[in-house]
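Got your viewer open? Load the model and follow along, one selection at a time.

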Amino acid sequence: MKKYYYITLVAIVATVCLQVSYINSLYNRYVDEKIIGIEDIVQKLSTRERIIRDALRVGVKPKERPRIMRKHISHMTQEEIDSLRRLPGGADTIDVIAAQKAGIGGTAGEIVDQLMQDLLLKSGFPLNLNTLDSLWRASDSIVRHPHQFFLYDKDTVMISSVGDLESHTPDYVSQLHPIGTKGLQYLQIKADIPMSHFLRHQLWTLALSACMMLLVLLCLFFQLTAIRRKEALLRKREMTINGTIHDLKSPLNSVITMMGWLKQTAPDKETKEMLETSKAGVRRLISNIEALLMTARMDRHQVVLNKSLIDVPEMAEGVKKELSCLYPGKPHTICIINELPAGLQVMADGMYIENVIRNLMENALKYSDAGVRIEVSLSIVNERLRVSVKDNGWGIAPCHQKKLFTQFYRVPRSEEQQQKGYGIGLAQSQYIINEHGGEIMVKSAEGEGSTFTFIIPCR
């Protein structure tokens with residue numbers, strides 16, 4: 001159950017992180033937009049401030065909206081033409097491309113503006129930060145950000161500053177913008193972009209995002225609660241079913257004992273054979289019950305092994321007789337090849353090891369055509385018991401071999417090859433062998449048969 005808590009916790013953390021990342025990206029985009037807006041408005045206000053100084057220089061009242069007029073020479077009056085001819089011929093010139101590379105201006109208009117700045121500086125009308133700050137505060141196109149204008153000389157030593165910025169680490173610090181083409185003065189602006197402005201600007205977006213995150217968290221909590229209830233219900237059902245299955249073993253063991261007694265007292269051979277067949281069927285049913293119980297407690301409880309000295313060849317012969325009784329209508333040959341030292345007994349849980357041998361031999365018999373030959377080899381390898389069950393049946397394709405020992409997995413077969421089963425026999429066998437400190441493996445090819453081998457310690 002803990003894994004569901006962990007998964008839910010991870011999902012909640014991931015949801016919160018995604019929301020935080022989304023809000024952070026919105027804020028970063030908002031800041032970028034504001035920075036672009038600040039740069040744009042500073043450029044415009046600098047031009048307006050320069051026009052005010054130029055008007056003061058020539059002694060006229062600055063116009064509210066300065067205009068540039070373009071007129072063809074053929075449309076000019078004689079006075080306008082004469083004024084153009086009286087322009088000084090030795091005026092300063094500037095290379096536009098070189099000025100752009102030097103960062104003086106990006107366009108010809110900006111470069112002309114910088115030339116005008118040179119003229120104003122030369123005439124004793126430097127940049128007035130108070131006028132620039134007043135224009136900033138009077139502008140309706142920007143949000144009122146805490147800001148500070150700085151003016152530097154050619155050695156980047158601050159000359160003056162004006163503004164209401166109190167933060168020592170502002171959100172935005174502009175580059176040094178040259179005033180004129182000579183590099184005599186530089187302008188810089190520092191500004192804060194408060195989160196409160198962003199929150200007011202994105203109020204509905206953030207509210208909707210918070211509602212969606214809350215809805216997701218409620219859904220996760222609801223699912224976790226539903227899973228907990230289902231888990232508790234399934235555990236109760238599992239305990240009831242396991243108890244019922246376990247209780248079936250006692251009467252079945254009594255049936256086996258009764259059949260043994262009836263076999264001894266049976267008057268004829270035919271009756272004894274029928275009782276032996278029935279006894280084998282009951283043993284198989286007990287084996288299936290044990291497999292179900294083991295499958296139910298896998299991954300939660302360790303199997304308690306009741307180890308004792310067992311005679312593996314005798315056990316294999318007993319399984320062979322049981323299978324002959326269970327499959328009388330299917331021609332087959334089971335050959336037991338005993339290479340064990342005479343009288344060797346292995347320390348293991350007899351019931352579980354017998355179940356493994358029965359599973360492997362019965363699978364070899366079930367998943368094959370009539371006339372199948374099964375070889376059960378018993379040997380010692382590096383002081384460990386090696387049991388190998390080989391058949392010439394249908395075989396298993398490589399793509400299915402990795403899943404063979406998975407609970408409830410069954411190899412896909414055609415309709416003609418379908419057999420009854422639950423997909424728990426091999427999973428149970430692997431579990432038993434692992435608990436004995438051994439290993440189980442398979443070697444198979446489709447259409448050529450299979451060989452299942454398990455190895456366990458002898459002691």
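Start with the whole protein shown as a surface: about 28500 Å² is exposed, and carbon and sulfur atoms supply 57% of that (areas by the Shrake-Rupley method with a 1.4 Å probe; for residues, only the protein chains shown count as cover). Before zooming in, note that this is a predicted model, where local features need pLDDT of at least 70, side-chain atom pairs count only at pLDDT 80 or more, and totals for chains, interfaces and linings use all residues. Residues are numbered from 1 along each chain as its sequence is written, and side-chain values use heavy atoms, with hydrogens and water left out.

Switch to cartoon and you have 12 helices and 12 strands (DSSP runs numbered from the N terminus: H or I of at least four residues for helices, E of at least two for strands). Of the 459 residues, 37% are buried, meaning under 20% relative accessible area with a 1.4 Å probe, protein chains only.

**The sheet**

Now pick out the open sheet of 5 strands, ordered β7-β9-β10-β12-β11 with mixed pairing (two strands pair if DSSP finds at least two bridges between them). β7 (332–338) and β11 (439–445) are the edges; each has a single partner strand, so one side of each has no neighbour in the sheet. On average, neighbouring strands here are turned by 15 degrees against each other, direction ignored (axes are lines fitted to C-alpha atoms, for helices over the stretch in contact; angles run from 0 to 180 degrees between N-to-C directions).

Select 384–391 and 449–457 next: these are β10 and β12, antiparallel and joined by 7 bridges. For one rung, show Arg-386 and its bridge partner in β12, Ile-455. Then add helix α9 (residues 312–326), which packs on the sheet and touches β7, β9 (372–381) and β10 (touching means heavy atoms within 4.5 Å). The direction of α9 makes about 175 degrees with that of β7.

**The rings**

Time for side chains: there are 3 aromatic pairs, counting rings of Phe, Tyr and Trp (its six-membered ring) with centres within 6.5 Å; planes under 30 degrees apart are stacked, over 60 edge-to-face, the rest tilted.

Show Phe-150 and Tyr-152, a stacked pair at 6.3 Å centre to centre and 25 degrees between the planes. Both Phe-150 and Tyr-152 are buried.

Which residues make an edge-to-face pair? Select Tyr-367 and Trp-394, 6.3 Å centre to centre with 70 degrees between the planes. Tyr-367 lies in the loop between α10 (350–366) and β9, and Trp-394 in the loop between β10 and α11 (398–401), 27 residues apart.

Conventions. Buried means under 20% relative accessible area, exposed over 50%, partly exposed in between (1.4 Å probe, protein chains only).
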